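Colleague: Please take a close look at the inside of this model for me. I'd like the packing spelled out, and the cysteines too.

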Amino acid sequence: MTGLDEALFQALNGLAGRWPVLDGLARLVVNDYLAPSTLALMLVWMWVRGATPPQRQSDTAAVLNAIVAQFLANVILKAVNLVYFRPRPFDSDPGVSLLFYRPWDSSFPSNPATFAFAVATAIYLGDRRLGRWALCVAGLWALARVFCGVHYPSDVLAGALLGSSIAFVVSRGFSAWARLRDRLVSLLRELLVA
């Protein structure tokens with residue numbers, strides 16, 4: 001861990017335990033349900049909202065990109081975890097203000113940040129306005145993970161970069177997937193489910 005990583009962690013986590021209202025908000029954001037559910041609802045909204053066939057096709061493609069991106073990003077994350085294990089901040093420093101349960105898996109890269117930024121970036125690449133909100137949700141979740149003592153800043157940064165990069169490649173640079181996705185979208189439209 002670098003000095004900057006440690007200093008940022010101490011600055012953010014050092015605020016935990018001082019103000020009950022801030023701690024309560026952080027506990028709400030850090031949990032395993034709020035951010036994933038919010039991002040999932042954004043994907044559902046994109047799936048059903050299209051008023052025109054081109055918009056429905058674009059939105060359906062973005063949803064499928066998000067699903068594939070988060071899957072691929074998590075496969076890569078698990079591969080990284082097989083070769084590198086980083087202890088959690090609370091494992092290394094008993095003075096950490098822990099406002100969350102004790103995850104047992106590797107701290108680096110952050111699983112939640114990887115997932116959230118893969119989905120949020122795919123949403124953003126499909127719809128910038130909704131995507132800004134999705135990126136805010138992902139960013140708040142990542143920040144809360146540091147504030148609550150379960151990740152270092154570099155953990156969530158690495159997860160955000162991994163998830164966003166994979167979403168970008170899936171959405172913009174993976175032509176074999178684009179052809180398959182477009183066929184799938186056409187099939188789903190014929191079946192009246194997209």
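Modeller: Let's settle one term: a disulfide is a pair of cysteine sulfur atoms within 2.5 Å. Bear in mind that this is a predicted model, where local features need pLDDT of at least 70 and side-chain atom pairs pLDDT 80 or more, while totals for chains, interfaces and linings use all residues. Numbering runs from 1 along each chain as its sequence is written, and side-chain values rest on heavy atoms, with hydrogens and water left out.

On that rule, the disulfide count is zero. Why is the sulfur of Cys 136 too far from Cys 148 for a bond? Because the gap is 18 Å, even though Cys 148 has the closest cysteine sulfur to Cys 136. Seen from the other end, Cys 148 likewise finds its closest cysteine sulfur in Cys 136. The two sit in unlike surroundings: Cys 136, at 44% relative accessibility, is partly exposed, whereas Cys 148 comes out at 0% and is buried (buried is under 20% relative accessible area, exposed over 50%, partly exposed in between, with a 1.4 Å probe and protein chains only).

Cys 148 leads us into the largest nonpolar core, where Leu 39, Met 42, Ile 123 and Cys 148 touch the most other members out of 49 residues (such a core is a set of buried Ala, Val, Leu, Ile, Met, Phe, Trp, Tyr and Cys residues joined through side-chain atoms within 4.5 Å). Two or more core residues come from each of H2 (20–30), H3 (34–49), H4 (53–83), H6 (111–126), H7 (128–147), H8 (153–173) and H9 (175–190). H7 makes the largest contribution, at nine residues. Helices here are DSSP runs of H or I with at least four residues, numbered from the N terminus.

Now zoom in on Leu 39. Setting aside neighbours within four places in sequence, Leu 39 is in contact (heavy atoms within 4.5 Å) with Phe 115, Ala 116, Val 119, Ala 120, Ile 123, Ala 134 and Val 137. Ile 123, then, is a contact of Leu 39 as well as one of the core members touching the most others.

H7 turns up again at the pockets. A pocket is an open set of points on a 1 Å grid over the protein atoms alone, where a 1.4 Å probe fits, with protein on both sides within 12 Å along at least five of seven lines; lining residues have an atom within 4 Å of a point. The largest pocket is lined by residues including Asp 32, Arg 88, Trp 104, Asn 111, Trp 141 and Arg 145, with H6 and H7 each giving two or more. Around the second largest pocket you'll find, among others, Leu 22, Leu 25, Val 29, Leu 140 and Phe 147, and there H2 and H7 give two or more apiece.
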